[in-house]
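Reader: Hello! I'd like a close look at a single part of this model, the place where the ligand sits. Could you walk me through the surroundings?

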Amino acid sequence: MGLLDGKKALIFGVANDKSIAWVTAEILAAEGAEVALTYAGDAFESRVEPLAKQTGAKIVLPCDVTKDSEIKKVFQTVQEEWGGLDMLIHSVAFAKKEELKNDFISTSREGFNIALEVSAYSLIAIAREALPLMEGRGDASITTLTYLGAQRVVKNYNVMGVAKAALEASVKYLAYDMGRYGIRVNALSAGPLRTLAAMGIPGFRDILNVVQRMAPLKRNINADDVAKSALYLASPLSSGVTGETLYVDSGFHAIGIVEK
Ligand code: NAD
């Protein structure tokens, strides 16, 4: 008997087997959930198809979150195949390379708009489509992925920090709008993890080193740490929790001045 037997989970943002979306899909499937996967576009198809087979996912669709038509198609398919939805994972972010390399003050209008659209607005667009499929399921949950750079300055995180701040605020407003339908909305703030998205941040290795030295747990997090907390937020284990940002970062966010 799994914790999620009979539940349906839709997951956005699988790029490869290192993706947080993928490790989350694996743990939800291991607990008995049926999973559906989406990926950004054709370039990812060959990497995602074999992963989909591993979890028995029958719904595997491209979805560029800047395209309303592709978002609608995903939810139409879920409606036709499943008739409803219990869990949704939003694990999508993007910023242009140059925006993560130059000083934040040189953020371009276009770079700002792209980062905010893909990384924050997409949650709103997706939640709106999910609502009719999730309402009345008893306990339904939406979980997004964020980072400490929303709250504090992290070198080179730049416009992505602003996008994550918008995302975290959106979580609270969506939690308010959707709560009356029995839908919870939360964010998981992960510590640095070596993934495709993370490799686009110059100096990522330095971030890992600082966390290892300063975090209360004296280590970096791993994929399993993230997956287990994603399971908690997605499942009825967190039935009373909404509008929350849960830090899974070895406690790094709690640290102020600790070294002489
Ligand atoms: P990842 O590269 O595996 O995942 C990012 C995903 O976003 C990819 O699947 C990519 O294809 C997708 N994406 C980008 N543009 C898209 C678009 N227009 N339409 C649809 N999908 C698009 O890396 P990840 O680390 O697993 O990132 C997942 C989430 O976790 C992101 O929101 C990221 O900011 C967040 N996060 C990552 C870390 C970390 O250190 N890895 C830490 C905290 C939060």
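Which elements each supply at least two residues of the shell around the ligand?

Author: Happy to! This is a predicted model, in which local features need pLDDT of at least 70 and side-chain atom pairs count only at pLDDT 80 or more, while totals for chains, interfaces and linings use all residues. Residues are numbered from 1 along each chain as its sequence is written, and side-chain values use heavy atoms, leaving out hydrogens and water.

The elements you ask about are β5 and α6 (DSSP runs numbered from the N terminus: helices are H or I with at least four residues, strands E with at least two). Of these, α6 gives the most to the shell, with 3 residues. In total, 28 residues surround the ligand (each with a heavy atom within 4 Å of it). Gly 13, Ser 19, Ile 20, Leu 193 and Thr 195 come nearest. By character, the shell divides into 20 nonpolar, 6 polar and 2 charged residues (Ala, Val, Leu, Ile, Met, Phe, Trp, Tyr, Cys and Pro are nonpolar, Asp, Glu, Lys and Arg charged, the others, with Gly, polar).

Two of those nearest residues also appear among the polar contacts (pairs of N or O atoms within 3.5 Å). The side chain of Thr 195 places an N or O atom 2.5 Å from a ligand oxygen. Leu 193 uses a backbone N or O atom instead, 2.8 Å from an oxygen of the ligand. Lys 164 makes its contact through the side chain, also at 2.8 Å from a ligand oxygen. The protein covers 92% of the 810 Å² of accessible area that the ligand has on its own (Shrake-Rupley method, 1.4 Å probe).

Now for the space itself. The ligand sits in the largest pocket (more than half of its atoms lie within 2 Å of the pocket's grid points; a pocket is an open set of points on a 1 Å grid over the protein atoms alone, where a 1.4 Å probe fits, with protein on both sides within 12 Å along at least five of seven lines). About 1200 Å³ of space lies there, counted as the space filled by probe spheres set on the points.

The lining comprises 41 residues, with Val 92, Ala 93, Phe 94, Leu 196 and Ala 197 nearest the centre (lining residues have an atom within 4 Å of a point). Among them are 28 nonpolar, 9 polar and 4 charged residues. At least two lining residues come from each of β2 (34–39), β5 (140–146), α5 (158–179), α6 (196–199) and α7 (204–214). Here again α6 gives the most, with 3 residues.

Definitions and conventions:
A polar contact is a pair of N or O atoms within 3.5 Å; within protein, one must be able to donate a hydrogen and the other to accept it, and residues adjacent in sequence count only if both atoms are side-chain atoms.
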